[in-house]
Amino acid sequence: MAKSSVLFVCSACGSTTSKWSGRCEACGEWNTISEERPATAGPPSKSLKPARGRTVPLTDLAHAEPPPPRTSSALSELDRVLGGGLVPGSAILVGGDPGIGKSTLLLQGAAAFAAAGLSVVYVSGEEASAQVRMRAERLGLSGAKVRLAAETNLRDILATLDAERPDLVIVDSIQTMWADNVDSAPGSVSQVRAAAHELTSFAKARGSAVMMVGHVTKDGQIAGPRVVEHMVDTVLYFEGERGHQFRILRAVKNRFGPADEIGVFEMTGMGLAEVANPSALFLSERGAPAPGSVVFAGIEGTRPVLCELQALVAPTPQAQPRRTVVGWDGGRLAMILAVLEARCGIPFAGLDVYLNVAGGMKISEPAADLAVAAALLSAREDSALPAETVVFGEISLSGALRPVAQTENRLKEARKLGFTAAIAPRGGKAGDASGLSLTEVGDLAAFVGDIFGAG
């Protein structure tokens with residue numbers, strides 16, 4: 001019997017090569033290629049005839065049985081991120097930094113779904129059953145009808161699940177699972193890929209929902225090849241700063257609901273508490289209006305969220321000014337600075353620029369462009385914006401302001417939190433803006449002239 005050849009696999013993209021190199025040719029990442037042995041292959045087939053399959057006409061699906069309904073839990077924020085509840089037969093991957101609260105979230109979720117009538121099995125590969133019970137007692141969940149298992153052998157886990165047929169399986173974590181038919185160490189790319197494939201196949205074949213915990217790398221990505229994220233139906237990231245009490249559960253992929261939806265939780269002594277109004281939480285520590293402080297009305301998934309942007313502009317003694325960004329894209333900050341100089345004649349040469357999204361929130365939508373520009377100009381001119389004003393809008397390279405989606409929802413959220421004025425691009429569908437003094441501007445130069453009296 002021929003000995004299986006050794007392959008080299010990139011942990012970032014999952015591509016394979018026959019020899020080691022310092023840089024992956026497929027994705028360009030450095031120091032991500034490691035040695036792996038492929039899974040043991042079975043005996044070759046004597047015939048190349050294709051196996052018999054069966055197809056189903058699409059028109060027949062209209063007369064088929066309707067799918068089982070979603071199951072809602074007592075955690076409305078978790079249900080929101082899942083798209084309205086737990087879908088039977090779905091595979092869900094949850095990632096986050098170590099110690100951020102993934103196990104706490106899933107244990108509370110397991111108790112909530114068990115209380116809703118589902119049979120739940122919690123498989124821990126990192127803790128003993130007694131340790132999970134201690135955490136459940138600390139969270140006040142000692143009476144939850146959840147069955148525990150402390151096991152890492154994937155074959156034993158699948159045999160147990162096949163016999164018990166639970167409605168929900170939670171695996172903590174996928175990196176600790178190992179398949180005895182794969183010749184590599186637990187946590188390696190081959191093992192993670194094989195374990196994720198077997199658990200996803202079990203979910204589809206048996207109709208049980210499977211939630212898997214995945215560790216993240218230093219770059220904030222789920223460890224292992226990206227093909228694992230393609231296998232599952234939903235990918236959730238549990239985010240948050242250790243210095244702040246709130247946590248954000250963000251959906252970056254969801255086949256059964258909207259992507260980029262967020263659920264907000266607050267870490268307390270009794271576990272994670274839901275935050276029904278995240279805008280009030282992000283603005284709770286905001287004091288009197290100060291130069292460089294601007295409130296941005298954003299959209300996260302289907303939910304409007306207000307947060308504070310803070311900017312600081314100061315002279316630098318160094319030849320190369322600093323550009324430091326926390327919670328936003330550094331490349332987009334460079335673009336805003338270039339547009340301000342080229343289209344409005346406002347230079348930032350010789351000035352250090354610091355930009356921060358207060359509370360540890362992360363913003364990715366381009367609608368924050370105008371709020372960032374307002375914060376930069378406010379800090380540079382040492383002039384605070386009018387009190388109780390929200391700002392949003394996208395800036396193009398020509399200096400024009402583009403309207404953004406869901407303008408009406410942004411204004412409704414601002415009015416609900418007591419804001420009385422808003423600055424937005426011209427042409428947006430504002431809807432009923434009663435109760436708000438809405439200022440619509442067409443380009444960045446007009447905004448600078450109207451608000452700061454220059455441009």
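Which backbone oxygen does the side chain of Ser90 reach? In this predicted model, the answer is that of Val87, at 2.7 Å. Ser90 sits in the loop that runs between helix H1 (76-82) and strand S4 (91-96). With a relative accessibility of 2%, Ser90 counts as buried, because the cut-off for that label is anything under 20%. Leaving aside residues up to four places away in sequence, Ser90 touches Ala203, Lys204, Ser208, Ala209, Val210, Asp233 and Phe256.

Let's step back and look at the whole chain. The protein has 455 residues, and 46% of them count as buried. Its secondary structure comes to eleven helices and 21 strands. If you take the contacts with a separation of 6 or more, 66% of them are between residues 24 or more positions apart. On the outside, the protein exposes about 21,900 Å², with carbon and sulfur atoms supplying 52% of that area.

Now for the strands, beginning close to the N terminus. An open sheet of three strands is arranged in the order S2-S1-S3, with antiparallel pairing. Strand S2 (16-17) and strand S3 (33-36) are its edges, each pairing on one side only. Strand S1 (residues 7-10) pairs with S2 over two bridges, in the antiparallel sense. In that pairing, Phe8 has Thr17 of S2 as its bridge partner.

Strand S5 (residues 120-124) is mostly covered, and five of its five residues are buried. Both of its faces are covered: Val120, Tyr122 and Ser124 are buried on one side, Val121 and Val123 on the other. S5 runs parallel to strand S6 (residues 146-150), joined to it by five bridges. Within this pair, Tyr122 stands opposite Leu148 in S6.

Next, a couple of backbone oddities. Most residues other than glycine have a negative phi, and most peptide bonds are trans. Arg165, in the loop between helix H4 (154-164) and S7, has a positive phi of about 50° although it is not a glycine. Arg165 is partly exposed, with a relative accessible area of 46%. Further along, a cis peptide bond joins Asp172 and Ser173, with omega at about 5°. Ser173 belongs to the loop between strand S7 (168-172) and H5.

That loop takes us to helix H5 (residues 189-206). At 1.5 Å a residue, its 18 residues should span 26 Å, and the end C-alpha atoms are indeed 26 Å apart. The buried residues of H5 include Val192, Ala195, Leu199, Phe202 and Ala203. Ala203 is also one of the residues that Ser90 touches, which ties H5 back to the loop from the opening question. H5 is followed by Gly207, whose phi is positive, near 80°.

Helix H8 (residues 330-344) has 15 residues and reaches 21 Å between its first and last C-alpha atoms, close to the 21 Å expected. Which residues of H8 are buried? They are Leu333, Ile336, Leu337, Val339, Leu340 and Cys344. Looking down the axis of H8, these residues fall within an arc of 160°, so they line one face of the helix. The general geometry helps here: an α-helix has 3.6 residues a turn, so residues three or four places apart point the same way. The cover over the buried residues of H8 includes strand S15 (323-326), strand S16 (351-357), helix H9 (369-381), strand S18 (394-395) and helix H11 (444-452).

The ends of H8 are worth a look too. At its start, a side-chain oxygen of Asp329 comes to within 3.3 Å of the backbone nitrogen of Gly331. After the helix comes Gly345, with a positive phi near 70°.

Past H9, another positive phi turns up in a residue other than glycine: Asp382, with a value near 55°. Asp382 is found in the loop between H9 and strand S17 (389-391). Asp382 is exposed, with a relative accessible area of 59%.

Our last stop is Leu417, in the loop between helix H10 (407-416) and strand S20 (421-425). At 25% relative accessibility, Leu417 counts as partly exposed. The C-alpha atoms of Leu417 and Ala280 are separated by 7.3 Å, though the two residues are 137 residues apart along the chain. Not counting residues up to four places away in sequence, Leu417 touches Asn277, Ser279, Ala280, Leu283 and Leu306.

Note on methods: Residues are numbered from 1 along each chain as its sequence is written. Side-chain values use heavy atoms; hydrogens and water are left out. Helices (H or I, at least four residues) and strands (E, at least two) are DSSP runs, numbered from the N terminus. The expected span of a helix is 1.5 Å times one less than its number of residues. Buried means under 20% relative accessible area, exposed over 50%, partly exposed in between (1.4 Å probe, protein chains only). The arc is that of the directions from the helix axis to the C-beta atoms. Contact means heavy atoms within 4.5 Å. A polar contact is a pair of N or O atoms within 3.5 Å; within protein, one must be able to donate a hydrogen and the other to accept it, and residues adjacent in sequence count only if both atoms are side-chain atoms. Accessible areas come from the Shrake-Rupley method with a 1.4 Å probe; for residues, only the protein chains shown count as cover. Two strands pair if DSSP finds at least two bridges between them.
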